Amino acid sequence: MRNAKGVLFVVFLLFGMFVTMQFRTVLLAQQQNAAGESQVQSLTAELEQAKSEGIKLLEKLQKLEKEKDEIMRQISNDGNPVINELLDKKYELHVINGLTDVRGSGVIITLNDAPARNEMDPEQLIIHDMDIVKILNVLRAAGAQAIAINDERIITTSRHFCAGPTILINQNRYPVPYVIKAIGDPDELYNAVEQNEAVIIMKIYDIQVDIRKESEIIIPKYKTYKNIENMISGLEVVEK
Amino acid sequence: MKFFKEAALTVVCLLLGIVIAMQYRSVKVNTSLAVYEQQRVNDLIIDLLREQENNQQLQKRIDELQRDLENLRTGTNTENETIQALRKENEQLEILAGLKTVKGKGIIVTLESTDKTAIDDNNILAVLNELRAADVQALAVNDERIIATSEVRRAGSYMIVNGRKLLPPYVIKAIADPEKLENSLTVMAGVVDMLKYYNIKVDIKKDDNIIIPAVRDDGTIIRYDLLTPVD
């Protein structure tokens with residue numbers, strides 16, 4: 001009988017300790033969550049502000065560039081045709097480099113993760129970076145002349161890779177759906193994507209792939225605009 | 001009486017068990033929540049720093065443009081200087097477009113199949129994508145310059161890039177900003193493991209004098225006849 005009392009004592013002691021511990025953990029977790037939440041909120045607000053400031057700066061920059069070109073045209077019209085020739089060349093190079101908004105016909109591909117299902121590995125339900133890489137490659141092979149993902153223009157050195165549930169393109173993060181726009185021959189682009197092995201496999205896994213031909217698509221210019229020097233800082237021209 | 005005591009003990013022990021399980025689960029959930037929260041905070045900080053740097057550069061460019069405008073308006077710049085400046089700008093745009101042969105520091109990645117199977121285009125695409133993620137500025141596969149519209153397609157035992165046939169081994173050259181070169185090497189180390197799985201031998205070496213040829217400018221690779229500029 002003494003024994004039973006002893007056991008009971010120990011059990012209640014433990015019980016009391018656990019209740020206290022549980023209480024404290026919950027309290028602590030709530031505090032931590034609140035701290036983390038407010039940090040996330042203030043960072044998000046700061047990021048939004050930096051982004052909107054960036055948009056304003058870019059608009060100002062573009063306005064100034066236009067103004068500068070106009071003055072130069074004027075000078076050229078006043079008797080120096082070389083300047084106009086150089087300006088025309090500049091515009092052409094801007095188009096080649098994806099630094100101009102462009103319009104044309106082509107296809108719009110919309111990709112969305114497969115609906116969640118329990119019996120499958122979630123890894124197979126989401127879109128991976130290689131899926132995007134393969135689709136871009138198919139579009140290029142089919143003669144696409146301008147490509148954008150979620151309106152981020154793809155240029156030579158555009159980075160695009162998945163980071164969890166989002167994709168990072170030109171250093172900007174986007175959640176699904178991913179909208180790939182490509183200007184080129186609509187039929188060729190459509191058929192190439194439709195028949196592509198990677199796309200067929202994605203469809204088997206129920207990843208939502210919607211391909212549409214469009215007669216008018218606008219693809220915006222490369223937005224992460226820094227000065228060109230930064231983009232070619234490691235390159236030295238070799239004269240041949 | 002004995003039965004009652006035993007029953008009480010059972011109930012108490014049962015409760016204790018439940019409480020322990022609850023405690024364990026809540027600690028686990030809290031830890032994973034904390035990790036997720038931290039990840040979000042980290043992502044946000046990275047995004048914010050990048051955005052701020054971008055804005056600084058925009059501001060710098062705006063200041064430059066304002067100076068240029070002032071000089072143009074007041075006629076401080078002679079027409080010759082204006083022409084020189086435009087020529088320089090166009091040359092930079094040509095470098096960016098891959099129209100110039102360039103030299104610089106970078107890495108050379110060589111892919112070679114260790115069995116008889118041909119290397120798949122996906123493996124080359126993966127390497128190119130990783131290199132882009134590491135901020136490289138010029139890329140080539142077997143000296144075929146990779147530009148925005150370059151495709152990489154396997155056709156039998158060889159590869160087609162920019163419409164041209166390339167034979168293995170595939171030598172991928174990348175020039176990067178020297179400050180960011182280490183990034184490229186670190187990133188590539190991860191890809192090597194992946195490629196090993198496909199029986200591909202990967203050789204990575206740093207080189208201070210990489211030359212990457214200009215893209216063939218015969219109107220077949222750089223095409224923009226279907227693009228109408230929008231104002």
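The following dialogue asks how several features of this predicted two-chain model earn their names.

User: What kind of model is this, and how are its residues and chains labelled?

Analyst: This is a predicted model, in which local features need pLDDT of at least 70 and side-chain atom pairs count only at pLDDT 80 or more, while totals for chains, interfaces and linings use all residues. Residues are numbered from 1 along each chain as its sequence is written, chains are lettered from A and ligands numbered from 1 in the order in which they are written, and side-chain values use heavy atoms, with hydrogens and water left out.

User: What makes residues of chain B and chain A count as being in contact?

Analyst: Contact means heavy atoms within 4.5 Å, and by that criterion 94 residues of chain B are in contact with 98 residues of chain A.

User: How do you know what area is buried between chain B and chain A?

Analyst: Buried area is the accessible area, taken with a 1.4 Å probe, that two parts lose on being put together, summed over both; for chain B and chain A the value is about 9,400 Å², of which carbon and sulfur atoms give 63%.

User: Why is the pair Glu67(A) and Arg73(B) called a salt bridge?

Analyst: The term requires a side-chain nitrogen of Lys or Arg within 4 Å of a carboxyl oxygen of Asp or Glu. The closest N and O atoms of Glu67(A) and Arg73(B) are 2.5 Å apart, so the pair meets the definition. This pair crosses between chains, from helix 1 of chain B to helix 1 (residues 2-77) of chain A, where helices are DSSP runs of H or I with at least four residues, strands are runs of E with at least two, and both are numbered from the N terminus. Between chain B and chain A the count is five salt bridges, and over all chains the count comes to 24.

User: Which helix of chain B gives the most to the side that touches chain A, and how do you know that its length fits a helix?

Analyst: Helix 1 of chain B gives the most, with 40 residues. The expected span is 1.5 Å times one less than the number of residues, so the 73 residues of helix 1 of chain B should span 108 Å, and the end C-alpha atoms, 107 Å apart, agree with this. Helix 1 of chain B is followed by Gly75(B), whose phi is positive, near 75 degrees.

User: What makes strand 1 of chain A and strand 9 of chain B a pair?

Analyst: Two strands pair if DSSP finds at least two bridges between them. Two bridges join strand 1 (residues 102-112) of chain A to strand 9 of chain B, and these strands run antiparallel; the bridge partner of Val102(A) in strand 9 is Pro229(B).

User: Which peptide bonds leading into Pro177(A) and Pro169(B) are cis or trans?

Analyst: The bond from Val176(A) to Pro177(A) is cis, with omega near 0 degrees, and the bond from Pro168(B) to Pro169(B) is likewise cis, with omega near 0 degrees.
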